[in-house]
Amino acid sequence: LTREGFSTVPDVTWDDVGGLDHLRTELDDYVVNPIKYADAFEKFGKKLLETGFLLYGPPGCGKTLVAKAVANEAGANFIHIKGPELLNKYVGESERAIRTLFQRARTSSPCVIFFDEVDALTGRRGREGDHLVVGGLLNQFLTELHGGDRRDVYVIGATNRLDVIDGAFLRPGRFANLVYVPLPNAYERVSILKSIAKKRPIDPSVDLDAIATKYCEDFSGADLANLMDKAIHVAVKEKIQSSKSSEDGDMNLSDCTIKMTHFKQALS
Ligand code: ATP
């Protein structure tokens, strides 16, 4: 497994996530609370989530972010793994990687495994010759998912390609909870832009509502984050230019806010 296979509690919180309220409620109920209140669930006779969540939808709309926020909220470790990283041309290696992954998750439980690009494991896509490897890998994965010893290990899968996911993945006990994570609507774009803006020095005159609703149609969350980055670059560039043209050449850092003009330039 690569560096990404190591587990830590992520620093992303629900505060960093804009929109996606329905997803938050569902994941709080079915992942966060069972980890946080494991004792209560056990008393009521429920030991673990019997089935995994599969988040699907266009890229850059918050699937990874949400999975991290879930782990943070639950105080759980987080392992981020991408489907293609598990594909290995040597017979048995991919299965071993899956076993190692789940073992690592168990030793650092409670743990959330975030399985990105899970479609790579289903064998319908992929390079020629992959199908042999993928068959064994899929079986190993399903064994681990079903395994009796999965206490406090929660699996959240993600894909941009629900159409290529093997039906075997979607049965009860596997990834039976399918949740669509769509492109944000205007209202959600405002919420996302505001959550991205929280940690930035935005000038009070900036109308984030107007930016998100009027100028960012069809933007994903990642596009909005990118817009913010660009606006910062424009603002810093302006500072550099004004310091170069000032008499003493000093940079005046008394007013370092991101203004509407910076957003407008970033948009253009
Ligand atoms: P992919 O399918 O390509 O893996 P994804 O759906 O997992 O994409 P993320 O990695 O969660 O997308 O989002 C990329 C970046 O876009 C985030 O790090 C964040 O900066 C921003 N972003 C996306 N969605 C949201 C959101 N709902 N709220 C706040 N920021 C968001």
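User: So buried means under 20% relative accessible area, exposed means over 50%, and partly exposed is in between. Where does that put D16, buried or exposed?

Analyst: D16 has 19% relative accessibility, so D16 counts as buried. Keep in mind that this is a predicted model.

User: Does D16 have a partner? Which side chain meets the one of D16 in a salt bridge?

Analyst: That is K199, with 2.9 Å from N to O. The two come from distant parts of the chain, 183 residues apart: K199 sits in the loop between helix 7 and helix 8, while D16 is in the segment before helix 1. Unlike D16, K199 counts as exposed, because its relative accessibility is 63%.

User: How many salt bridges does the whole structure have?

Analyst: A search finds eight. One of them joins the side chains of R24 and D28, at 3.5 Å from N to O. Both of these residues lie in helix 1, four residues apart, or about one turn of the helix.

User: Why would a spacing of four suit a pair in a helix?

Analyst: An α-helix has 3.6 residues a turn, so residues three or four places apart point the same way.

User: And is each of R24 and D28 buried or exposed?

Analyst: R24 is partly exposed at 34% relative accessible area, whereas D28 is buried at 17%.

User: Any salt bridge between two helices? What about D209 and K194, where do they lie?

Analyst: Their side chains meet in a salt bridge too, 2.9 Å from N to O. D209 belongs to helix 8 and K194 to helix 7, so the pair ties together parts that are 15 residues apart in sequence. D209 counts as partly exposed at 35%, and K194 is also partly exposed, at 37%.

User: Tell me about helix 7. How many residues does it have, and what should they span?

Analyst: Helix 7 runs over residues 186-197, and at 1.5 Å a residue its 12 residues should span 16 Å; the end C-alpha atoms are 16 Å apart, which agrees. At the N-terminal end, N185 acts as a cap: a side-chain oxygen of N185 lies 3.1 Å from the backbone nitrogen of Y187.

User: Which residues of helix 7 are buried, and what covers them?

Analyst: The buried ones are E188, R189, V190, I192, L193, S195, I196 and A197. Their cover includes helix 8 (208-214) and helix 9 (221-245).

User: Okay, new topic: the ligand. How many residues surround it?

Analyst: There are 18, and the closest are G18, G60, K63, T64 and N160. Ligand oxygen atoms also come up against backbone polar atoms: 3.1 Å for C61, 3.2 Å for G62 and 3.2 Å for A222. Taken alone the ligand exposes 630 Å², and the protein buries 77% of that.

User: What about the backbone, any oddities?

Analyst: A few. Most residues other than glycine have a negative phi, and most peptide bonds are trans. Here, the bond from S109 to P110 is cis, with omega near 0 degrees. P110 is in the loop between helix 5 (93-107) and strand 3 (111-116). L20, which is not a glycine, has a positive phi near 55 degrees. E117 has one as well, about 50 degrees.

User: Are L20 and E117 buried or exposed?

Analyst: L20, in the segment before helix 1, is buried at 8% relative accessible area. E117, in the loop between strand 3 and helix 6, is partly exposed at 30%.

User: Helix 6 then. What is L137 in contact with, away from its sequence neighbours?

Analyst: Leaving aside residues within four places in sequence, L137 is in contact with L86, L87, S94, E95, I98 and L121. L137 is in helix 6, residues 130-146, and counts as buried because its relative accessibility is 0%.

User: Last one: what does the whole chain look like?

Analyst: The protein chain has 10 helices and five strands, and buried residues make up 45% of its 268 residues. Its accessible surface comes to about 14000 Å², of which 51% belongs to carbon and sulfur atoms.

How values were computed. Residues numbered from 1 in each chain as written. Predicted model: local features only at pLDDT ≥ 70, side-chain atom pairs only at ≥ 80, totals over all residues. Heavy atoms only, no water. Buried < 20%, exposed > 50% of the residue type's maximum accessible area, 1.4 Å probe, protein only. Contact = heavy atoms within 4.5 Å. Expected span 1.5 Å × (residues − 1). Polar contact = N/O pair within 3.5 Å; in protein donor to acceptor, adjacent residues only side chain to side chain. Near = heavy atom within 4 Å. Areas by Shrake-Rupley, 256 points an atom, 1.4 Å probe, with all protein chains shown as cover. Salt bridge = Lys/Arg side-chain N within 4 Å of Asp/Glu carboxyl O.
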